[in-house]
Amino acid sequence: MNINTTLVSTLVSTQFPNFANLPIQPFNSAGTDNAIFRLGNDMLVRLPLDSKSSGRVNKEYLWLPKLAPKLPLTIPTPIVKGMPTDDFPYNWSICQWIEGDTAILERINDPCKMAQKLAEFINVLQKITPPKELLSGQHNEFRGVSLSLLDKTVRNSITTLHGEIDTNLAMCVWESSIKVPVWQGDPVWLHGDLQSGNLIAKNGNLHAVIDFGLMGVGDPACDIMVAWTLLPTESRKTVLH
């Protein structure tokens, strides 16, 4: 599908004529699920690239405005939800623009302070009463489910990668993982994809968390993956505890 400025301009002017005179510019995002366009200075247009991502628009539109006032970091609040057309078959959204850059460590003044902010964000999110209808599953690519539910899929994937990785080692690691006791607490809110590409830094500090398409309700272990994928060893324990 050719998603370009002309298409976005038509969608915006047709469905939201009050925004029709604002300039539209493509934004070079590293994301793989949505095409992003700047709309004026303070907004962005977010267009799903497939039907799977389209289903997440409704979820974000419903829940992010409810979560935003309760969280200690900025999150993107959808302003309006666009409807499918003959030219673009998916739901889409216009959201507030959040100023900043991808939160790689080189842009962070104090990784320990960043870890503290991440830990606070995760803790606050987990304490918000979760909705039963968002229990983890297919809608969030099974982020936060029991690992045993993924056993067959993971084993098949490891087998497929024979010759590309050490499949014996990978299988041993996986078999050790599924022996870990299952989470016994109540399911909690989780972001589902906490990693550098979904974190925004501003003035050397962690400022915002974006892209909640994989959010759901389940095992909280999912969200502490950021401790290993982003944080240095000395600040990692802040998130883990």
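**Notebook: strand E3, pockets and cavities, two single residues**

In E5, I find Ile94 as the bridge partner of Val45. The model I am reading is predicted.

**Entry 1. Strand E3 and its partners**

I looked up the pairing to which this bridge belongs. Strand E3 and strand E5 (residues 92–96) are joined by 4 bridges, and the pairing is antiparallel. I then turned to the other partner, strand E2 (residues 34–39), which also runs antiparallel to E3 and is joined to E3 by 6 bridges. Within that pairing, I note Asn34 opposite Pro48. I followed the chain from E2 into E3 and found a hairpin with 3 residues between the two strands. In the turn, Gly40 has a positive phi of about 65°.

Is strand E3 buried or exposed? I checked its residues, 43–48, and 6 of the 6 are buried, so the strand is largely enclosed by the rest of the structure. I also recorded the directions of the side chains. Met43, Val45 and Leu47 point one way, while Leu44, Arg46 and Pro48 point the other way. Both sets are buried.

**Entry 2. The largest pocket**

I next searched for open spaces. The largest pocket holds about 850 Å³ of space. Its lining consists of 35 residues, and those nearest the centre are Ser29, Gly197, Asn198, Ile210 and Asp211. I asked which elements give two or more residues to this lining. They are E2, E3, helix H2 (51–67), E5 and strand E6 (101–102). H2 has the largest share, with 3 residues. Sorted by class, I count 14 nonpolar, 11 polar and 10 charged residues in the lining of the largest pocket.

**Entry 3. The second largest pocket**

For the second largest pocket I noted a volume of about 450 Å³. I find 19 residues in the lining, with Val145, Ser146, Leu147, Asp219 and Ala221 nearest the centre. The lining of this second pocket divides into 11 nonpolar, 5 polar and 3 charged residues.

**Entry 4. Cavities**

How many cavities of 30 Å³ or more does a search of the whole structure find? I record 2.

The largest cavity has a volume of about 70 Å³. I list its lining as Asp33, Asn34, Arg46, Ser53, Arg56, Val57, Glu60, Asp211, Gly213 and Leu214. Asn34 is the residue I had noted opposite Pro48 in E3, and Arg46 is one of the buried residues of E3. Asp211 is also among the residues nearest the centre of the largest pocket. H2 contributes the most to the lining of the largest cavity, with 4 residues. By class, this lining has 2 nonpolar, 3 polar and 5 charged residues.

The second largest cavity contains about 40 Å³ of space. I find it lined by Ile108, Asp110, Lys113, Met114, Lys117, Gly204, Asn205 and Leu206. Helix H3 (111–127) and strand E9 (205–209) each give at least two residues to this lining, and H3 gives the most, with 3. I sorted the residues lining the second largest cavity into 3 nonpolar, 2 polar and 3 charged.

**Entry 5. Glu141**

I located Glu141 in the loop between H3 and helix H4 (151–160). Its relative accessible area is 33%, so I enter Glu141 as partly exposed. Which residues does Glu141 contact, leaving aside its neighbours within four places in sequence? I find Lys52, Arg56 and Leu214. The side chains of Glu141 and Arg56 make a polar contact at 2.8 Å. Arg56 and Leu214 are both among the residues that line the largest cavity. I also looked up Met215: this residue and Glu141 are 74 residues apart in sequence, with their C-alpha atoms 9.5 Å apart in space.

**Entry 6. Ser196**

My last entry concerns Ser196, in the loop between strand E7 (188–190) and strand E8 (199–202). Why does Ser196 count as buried? Its relative accessibility is 16%, and the cut-off for buried is under 20%. Not counting residues up to four places away in sequence, Ser196 touches Thr102, Ala103, Ile104 and Leu230. Ala103 appears again when I look at polar atoms: its backbone oxygen lies 3.3 Å from a polar atom of the Ser196 side chain.

Key. Residues numbered from 1 in each chain as written. Predicted model: local features only at pLDDT ≥ 70, side-chain atom pairs only at ≥ 80, totals over all residues. Heavy atoms only, no water. Buried < 20%, exposed > 50% of the residue type's maximum accessible area, 1.4 Å probe, protein only. Polar contact = N/O pair within 3.5 Å; in protein donor to acceptor, adjacent residues only side chain to side chain. Contact = heavy atoms within 4.5 Å. Pairing = 2+ DSSP bridges. 1 Å grid on protein atoms, 1.4 Å probe; cavity = no way out; pocket = protein on both sides within 12 Å on 5 of 7 lines; lining within 4 Å. Points joined across faces, edges and corners; volume = space filled by probe spheres on them. Nonpolar A, V, L, I, M, F, W, Y, C, P; charged D, E, K, R; others polar.
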